[in-house]
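Biologist: Could you put the model up on the screen? I would like to go through the reasoning behind some of its labels with you.

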Amino acid sequence: METGERSRPEVGTEVPGGGGGGGGGGVSGEPEVRVGGAGLLGPSGRNGKTVVCARCGSTVLRPGAALYSRRELFLPSMRQSTALGPGNSSVEGDVLQEHWLVDDMYTFENVGFTKNVNSIKYLTCADCEIGPIGWHSLDDSKSFYIALKRVKHE
C-alpha cells in the first residue's frame, strides 16, 4: 500500500485517527452535509429538526435530543451488492464523519439494534428495519451515533 492510502476498515471498527471534533473535508470525495446552513443544527449544537428514517419516515430523534459530532466511523452499506459467504468476506460500506450523538439509548424514538459484530451494535430503523443508520460500541456505553447521511431531517 502506498503512503497516504487508507485500507478498508474491518466491519465494526472505528477508523483510526477519526476522533471527535475537528474540521476537514468530506471522505472519499463525498460532499459534507451542510449542518448549519440547512437548519439542522439548533441551539447548543443539538439537532434542530426531527430526525426520521429515510425509507419509512418514522421518527428516530426529536429536535434537541442529540449533539452534532464529527467522528470517522465505518458503516456497512445499506444495500450490499454481493452476498457474504466463505468465498467473499468483504463488506462494502462508507466511512462517514457527521453524526448525531446520543448518550442514552432511551432517547431514541424508534431504533433497533443488531446482534454484536466485533463488539459493535449497528442501529437500524425499528419500524422498517433498514440500516445500518448508526453505530454503537459495546466498549462505550454512553455513545450512540446516527449518521446524518443515512437519515432525513424534517
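Modeller: Happy to! Let me start with Y68, which stands opposite W100 in strand 4. This is a predicted model, by the way.

Biologist: What makes strand 3 and strand 4 paired strands?

Modeller: Pairing takes at least two bridges. Strand 3 and strand 4 are joined by eight bridges, so they count as paired, and they run antiparallel.

Biologist: And why is strand 3 called mostly covered?

Modeller: Residues under 20% relative accessible area count as buried. In strand 3 (residues 67-76), eight of the ten residues are buried.

Biologist: Why is the pair of F108 and F144 called edge-to-face?

Modeller: The structure holds four aromatic pairs, and F108 with F144 is one of them. Their centres are 6.2 Å apart and the limit is 6.5 Å, so they pair; their planes are at 85°, and over 60 counts as edge-to-face. F108 sits in the loop between strand 4 (93-102) and strand 5 (111-113), while F144 belongs to strand 8 (residues 144-147), 36 residues apart. Both F108 and F144 are buried, and together with F113 they form one aromatic cluster.

Biologist: Lovely. Why do strand 2 and strand 9 stand at the edges?

Modeller: The open sheet has three strands in the order 2-1-9, with antiparallel pairing. Strand 2 (59-61) and strand 9 (151-153) each have a single partner strand, so one side of each is left without a neighbour in the sheet. From one strand to the next, the twist averages 45°.

Biologist: How do you know that strand 1 and strand 2 pair?

Modeller: Two bridges join strand 1 (residues 51-53) to strand 2 in the antiparallel sense, and at least two are needed, so the pairing holds. Within it, V52 stands opposite T59.

Notes: Residues are numbered from 1 along each chain as its sequence is written. This is a predicted model: local features need pLDDT of at least 70, side-chain atom pairs count only at pLDDT 80 or more; totals for chains, interfaces and linings use all residues. Side-chain values use heavy atoms; hydrogens and water are left out. Rings of Phe, Tyr and Trp (its six-membered ring) pair if their centres lie within 6.5 Å; planes under 30 degrees apart count as stacked, over 60 as edge-to-face and the rest as tilted. Helices (H or I, at least four residues) and strands (E, at least two) are DSSP runs, numbered from the N terminus. Buried means under 20% relative accessible area, exposed over 50%, partly exposed in between (1.4 Å probe, protein chains only). Axes are lines fitted to C-alpha atoms, for helices over the stretch in contact, and angles run from 0 to 180 degrees between N-to-C directions.
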